[in-house]
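Open the model in your viewer and keep the sequence panel beside it. The tour goes from one residue out to its helix, then on to other stops.

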Amino acid sequence: SYKQYHSNLAITYNILAMYEATADPAWFTATCQGYAVGETLLSVGLLIRDKVELGQDGRYHFTDIVGPNEFHDHMGTNKEHGVDDNAYTNVMIAWYMNKLLDMMKVMEKSDPSTLAAQRKDMGIDDATVAKWQDISNKMYVNINEAGIIEEHAGYFDLTEVDIAALNKEFGFKKARRLDRLINDPEIGPGLKKRWGVNGVNELKVDKQADVLMMWYVLSQQGVAEVFDRLGYEVPSLRDNLEYYEPRTTHGSTLSAVVYSKLASQAGLTELAEQLGAMAMTSDVSNTVGDAVFGDHRAVMNGTIENNLKEGGLVEGPVLSLNPNLTDDTTVIRFGVRHYHGVVYRYTARQHGQITLEILSGLEDGKPPVPFKLGGVDVKLEKNGTHHFPQDFLSPMDPRVQQLVASQLLAEYGATVTNPELLF
C-alpha cells in the first residue's frame with residue numbers, strides 16, 4: 001500500500017547506516033542510482049513535516065496509514081481510511097527526525113554550500129528545521145499501564161482470537177493467512193459469526209511483526225533513546241513480545257525472522273529456536289505453502305544475519321560483541337569491513353574465548369576502533385589477534401570484574417573507556 005510510510009523510513013535507515021559504517025560525509029552528497037542521497041533524506045523529512053499533525057495533547061499524530069501488519073489496512077467501516085498512530089511508524093519518525101538533524105550538522109561542516117543549495121531548491125527554511133526538532137521530541141505513542149505499546153489507535157479494543165486454537169483447527173498453512181481464511185466462501189461466514197465481525201481488520205491479530213519492528217531495527221538501546229527523548233517510560237522488549245507473538249499468525253515468513261532474533265535477545269530461547277527453524281526451512285520445506293512462487297531472498301538474508309548476530313551485533317559505528325549462542329551452536333565466525341575501512345574477523349565459541357582479528361585498518365597513526373564487549377566500551381588500538389575469554393562476560397562480583405578488566409583488556413591491546421560500568 002502507498003500508505004505504508006514506514007517503507008520510506010526504512011530507506012532513510014539504510015542510507016544512514018551506510019554513513020555510520022563509513023563515517024564518510026561525502027556519502028551525503030553522492031548520487032546513487034540517479035538519486036542524490038542527501039536530497040532523498042531531506043525529501044522524506046518534508047513528507048513527514050507535511051503529514052504529521054499537532055494534536056491538542058501537545059503530541060504529533062500520523063493518521064491514515066498502514067503499518068507492517070497488513071491485516072489492518074483500515075479501521076471501522078471506512079475502508080478508504082488507514083489506521084492512525086501506528087506505533088512503529090511514529091517511533092521511526094521520532095528517530096529519523098533526530099538523525100536528519102544530525103546529518104545536516106555533518107553536511108554543514110563538510111559541504112555547507114551543497115547543503116545550502118539543497119535547502120534553497122527544496123524550500124527548507126528555518127521553520128521547517130525547527131518543526132523537525134519539535135517532531136523528534138513530541139511524537140505520540142500509546143502505552144498502557146502494563147507497559148504494552150498499542151500497535152495503532154483502537155487496537156486494544158479489537159476482538160481477541162486464539163491463534164493457537166486456530167492453527168489446530170485449520171492447520172498452520174491456512175490459519176497463517178487469516179485474511180484469506182475469513183473471506184473463504186465456505187469457511188469465512190462461520191468465522192465471522194463466531195467472532196461477531198465483518199473482517200480481519202476487526203480482529204486483534206497481526207500478520208507479522210509490527211510493534212516489535214522498532215526493536216528489530218533500532219535495537220534495545222536505540223528504542224530506549226527514542227522513548228527517553230519523547231518523555232515516555234522505556235517499554236520492555238520481553239513484555240511486548242510476549243503480548244504480541246501469541247496474537248501473530250506469521251502470515252509473512254519475514255515475521256519468524258524478526259521474532260526469532262528478538263526472542264533470543266529477550267531470553268526466550270525455546271521460542272527463538274522454534275521460530276528460527278521456521279524461518280530457515282520456510283522455502284526448503286515449503287512450511288507455509290507458498291514456496292512454489294519462488295524463494296524469499298529477504299528471509300534467506302535475514303536468517304543469515306540473525307545467525308551472525310547470535311555471535312555479535314554491529315550497531316552503527318560501534319561493533320558490539322555480546323555472544324548468546326544456543327545449545328546447538330558451537331561456533332560463530334564472520335568477517336566484516338566496517339568503520340573507517342577496518343577489516344576484522346570475529347569468532348565466538350560456545351564454551352571458549354572470543355577472538356577478534358583486526359586484519360587491517362589500524363596501522364600506525366590510525367585512530368582506534370571502538371566496540372563494546374558485554375556492554376563495556378573498549379577501544380582496540382592495533383592490528384592483530386585479540387582474545388577475550390568468555391568468562392569475562394559471565395556474572396561475577398563487580399569488584400573482581402573491576403580488578404581483572406583493565407589487566408585483561410590491556411594485555412590484548414585495548415583500553416576500557418567506561419570503567420564505571422564495571423562497578
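**Stop 1: Leu 275**

Select Leu 275: its relative accessible area is 1%, so it is buried (under 20% relative accessible area; exposed is over 50%, partly exposed in between, with a 1.4 Å probe and protein chains only). This is a predicted model, where local features need pLDDT of at least 70 and side-chain atom pairs count only at pLDDT 80 or more, while totals for chains, interfaces and linings use all residues. Residues are numbered from 1 along each chain as its sequence is written, and side-chain values use heavy atoms, with hydrogens and water left out.

Leu 275 sits in helix H13. Helices (H or I, at least four residues) and strands (E, at least two) are DSSP runs, numbered from the N terminus. Now show what surrounds the side chain. Beyond neighbours within four places in sequence, Leu 275 is in contact with Glu 245, His 250, Ala 256, Tyr 259 and Ser 260 (contact: heavy atoms within 4.5 Å). Add Lys 261, 14 residues away along the chain. Its C-alpha is 8.8 Å from that of Leu 275.

**Stop 2: the rest of H13**

Extend the selection to residues 269-281, the 13 residues of H13. From first C-alpha to last, H13 reaches 18 Å, close to the 18 Å expected at 1.5 Å a residue (1.5 Å times one less than the number of residues). Which residues in H13 are buried? Colour Leu 271, Ala 272, Leu 275, Gly 276, Met 278 and Ala 279. They lie on the same side of H13, because they cover an arc of only 160° around the axis (taken from the directions from the helix axis to the C-beta atoms).

**Stop 3: H1 against H3**

Select H1 (residues 6-22) and H3 (residues 87-110). Their axes come within 10 Å and cross at roughly 40°. Axes are lines fitted to C-alpha atoms, for helices over the stretch in contact, and angles run from 0 to 180 degrees between N-to-C directions. H1 and H3 are therefore oblique to each other. Angles under 35 degrees count as roughly parallel, over 145 as roughly antiparallel, 65 to 115 as roughly perpendicular and the rest as oblique.

The crossing of H1 and H3 is left-handed (the near helix is turned anticlockwise from the far one by less than a right angle; clockwise is right-handed). Show side chains at the junction. On the H1 side, look for residues including Leu 9, Tyr 13 and Leu 16. Their partners in H3 include Met 92, Trp 95 and Tyr 96.

**Stop 4: H3 against H5**

Keep H3 and add H5 (residues 126-138). The axes of H3 and H5 are 8 Å apart, at an angle of about 140°. This pair is therefore oblique as well. The crossing of H3 and H5 is left-handed. From H3, Ile 93, Ala 94, Met 97, Asn 98, Leu 100, Leu 101 and Met 104 make the contact. H5 supplies Val 129, Trp 132, Gln 133, Ile 135 and Ser 136.

**Stop 5: two positive phi values**

Most residues other than glycine have a negative phi. Go to Asp 85, in the loop between strand E4 (60-61) and H3. Its phi is positive, about 55°. Asp 85 counts as buried, at 10% relative accessibility.

Jump to Ser 219, in helix H10 (residues 213-230). Phi of Ser 219 is near 75°. At 13% relative accessibility, Ser 219 is buried.

**Last stop: the whole chain**

Zoom out. The chain has 15 helices and 13 strands. Of its 423 residues, 48% are buried. Among contacts with a separation of 6 or more, 63% join residues 24 or more positions apart.
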